[in-house]
Amino acid sequence: MALLEAEQLVSVFPTQGEPVRAVDGVDLHIDEGETVCLVGESGCGKSAFALSAMGLMPSGRDAHPNGRLHFDGEDVLKWDEQRWCAIRGRDIGMIFQEPMTSLNPVIRVGTQLMEPLLIHGLANRTDARRQAIEALARVGIPQPDRMLERYPHELSGGMRQRVMIAIATICRPRLLIADEPTTALDVTVEAQILELLADLKQQHGMAMLFITHDLGVVAELADRVYVMYAGQIVESGTLAQVFDQPGHPYTQGLLRSMPRRHQRGRRLYTIPGTVPPPHQRPSGCRFAPRCPYADAACEQPVTLRDLAAGHTVRCVHPDRARSQQDE
Amino acid sequence: MNDPVQPILAVRNLTVQFPLRRRPGQPRRHVHAVRGVSLDIAPGETLGLIGESGCGKSTLARAIVRLAPITSGEVYLAGNPWHNLPERRLRPLRPAAQMIFQDPWSSLNPRMRIGRIIEEPLIVQKRGDRDERQATVARVLEQVGLHPDDAGKYPHQFSGGQRQRIGIARALVLEPQLLLADEAVSALDVSVQAQILNLLADLRAEHRFSMLFISHDLRVVEQVSDRIAVMYLGKIVELGSPEDVLDHSRHPYTRALVEAVPEIDARGRRRVILGGEPPSPINPPRGCAFAGRCPRAQDRCHTEDAVLTGDDHQVACHYPLTEDPG
């Protein structure tokens, strides 16, 4: 059984006009101990999915009558805020992109670290303090006992993100949701943090949903990959399936438009056009207006279909895209 | 170097320091943002500048165009001294060096129409009459892949990639000899980033301007650069062709940067991950700034700074890496 399972999940941002369907029928599952990467460009709905999985989206169950979201077999869309509070931070941890704005600037690091243990009743103060020091040591912070007394502004970006990871994992959650946790960091520090997350995952058997726009990071980290476009999953599979044999023209386009080592001066592939705004999404395939292989068949809504075991794609003509890829 | 062609840009021993607020009873301290940088950019050449946040790469670019105060050192643009000119004499020369900024949201005035944003440099420089200027604006808009009718729109009507095209149009309208692009594609999604990189390549082929291309993303820098400079705590630590610098890195910091890049094509490789973080530019270490994180550092590295040496491939390191990584 999957640890987290979304089926046809819809999440909506209320606006003054028509509500925005940021997540528009997403199927995604994460197994125990697995690292799943959710990739996509700005506005595709990947962060909104993360918020939904944490029970932090504004809309309630009414907004998505057909959607299902299960954590450890329980229907989380039925949970009230009290139940969520018991789960968040204990069973599901979360790390956000910007470590400065997600730490409280007026509270010492130690207090912020101990808070989840105390709130969930997992430790008394003495024990929480000991565990906080251990957690800081685990994320590679030198002199962890002294770090407890510091304030976030005294730390560098990399150190702050380590503290965030220590807070998010201090209760040993079964699922860690990380939304672009290294995007604001320098590349050498990013490498340190990615290695740390991989270590934590290995030591604790923690599952991870890692959200990023950087395909290079995905290649370093993922067991399985989901590619998101305009609110929908357009492709999913193992890292090798998605990166070596992409079936969706959008996945292909992303992979080909990324600058890579040893391709100096070569012209980059570009995906024509732009992502449609939420209220102007085509009724058929949402990528069709930008797709080199689109035809009349793409004007009907496209469902996810299997390409191989565990490899699905939302495309009517995956064969066309792939024959092009081989050239 | 024995280049017979006069460089478009020559920077000599450039230093930029920002004073910090004085604390009672203590001497005034400074942020040593740029600590003695020398480099040349040849006509038509793109020099890529890589470094992590706080290394001084943006300050270097801003000092070159005199947007940051030069503490000491010299800057020559097409052979003419530029570092010591008063603003009054600088202004007529400014068209020669133009800048593209990182953030396409904050670098365009939201209350100005696009046509006016691009026309403004022409007005400041007293170029042409109104009709001529508007014809120029229309031409430049087309060159960057926008429509002349877009001149009547406001910045909020454009996407991030289109806004960056507007920023490029504004920089190009004065036909600069040198373009300074400071993280010009860093805020863009990968598919849009590819469009802008291709656009810059096309414009470069057509206009033959030189470029200082600053980025923290080594993959992007490799894509566009003729030569690459690596900066660490205010100094250039390695400089040379992309092949030399990236494939045959001699500075341990460059090697670490190259290995840190998350790569699609090198899945599952083992890599050496650099520990620690750069030291503070307020109190730069006496020796090599990288020594504290360097796996090869010896006693000498902590006391004696390494100077950039070499001909085409220059490195500032007492114990540089040799060809065989063994």
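**Exercises on a predicted two-chain model**

Across the interface of chain B and chain A, seven salt bridges are found. The structure is a predicted model, and the exercises below start from this interface.

**Exercise 1.** Describe the interface of chain B and chain A by its salt bridges, its polar contacts and the helices of chain B that take part.

*Solution.*
Step 1. Start with the charged pairs: there are seven salt bridges between the chains. One of them joins R264(A) to E243(B), with the closest N and O atoms 3.2 Å apart.
Step 2. Add the polar contacts, which amount to 20 residue pairs with both residues at pLDDT 80 or more.
Step 3. Assign the chain B side to helices. Helix 6 (190–207), helix 7 (218–224), helix 8 (242–247) and helix 9 (252–260) of chain B each supply at least two residues to the side that touches chain A. Helix 6 of chain B gives the most, with nine residues.

**Exercise 2.** State how many residues are in contact and how much area is buried between the two chains.

*Solution.*
Step 1. Count by chain: 42 residues of chain A are in contact with 38 residues of chain B.
Step 2. Take the area: about 3700 Å² is buried between chain B and chain A, and carbon and sulfur atoms give 49% of this.

**Exercise 3.** Determine how many disulfides the model has over all chains, and explain the result for C291(A) and C301(B).

*Solution.*
Step 1. Recall the bond in question: a disulfide is a covalent bond between the sulfur atoms of two cysteines. The cut-off for the pair of sulfur atoms is 2.5 Å.
Step 2. Test C291(A). Its closest cysteine sulfur is in C315(A), 6.1 Å away, so the pair is too far apart for a bond. C291(A) counts as buried, at 17% relative accessibility.
Step 3. Test C301(B). The closest cysteine sulfur belongs to C288(B) and lies 6.2 Å away, therefore too far for a bond. C301(B) is also buried, with a relative accessible area of 7%.
Step 4. Give the total: zero disulfides over all chains.

**Exercise 4.** Place strand 10 of chain A among its pairing strands and say how covered it is.

*Solution.*
Step 1. Strand 10 spans residues 232–238 of chain A and is mostly covered, with six of its seven residues buried.
Step 2. Strand 9 (residues 224–229) of chain A pairs with strand 10 in the antiparallel sense over six bridges. In this pairing Y226(A) stands opposite S236(A).
Step 3. Strands 9 and 10 of chain A form a hairpin with two residues between them, and A230(A) in the turn has a positive phi of about 50 degrees.
Step 4. Strand 12 (residues 311–313) of chain A also pairs with strand 10 in the antiparallel sense, over two bridges. Here E235(A) stands opposite V313(A).

Methods:
Residues numbered from 1 in each chain as written. Chains lettered and ligands numbered in written order. Predicted model: local features only at pLDDT ≥ 70, side-chain atom pairs only at ≥ 80, totals over all residues. Heavy atoms only, no water. Buried < 20%, exposed > 50% of the residue type's maximum accessible area, 1.4 Å probe, protein only. Helix = DSSP H or I, 4+ residues; strand = E, 2+ residues; numbered from the N terminus. Pairing = 2+ DSSP bridges. Contact = heavy atoms within 4.5 Å. Buried area = accessible area lost by both parts, 1.4 Å probe. Salt bridge = Lys/Arg side-chain N within 4 Å of Asp/Glu carboxyl O. Polar contact = N/O pair within 3.5 Å; in protein donor to acceptor, adjacent residues only side chain to side chain.
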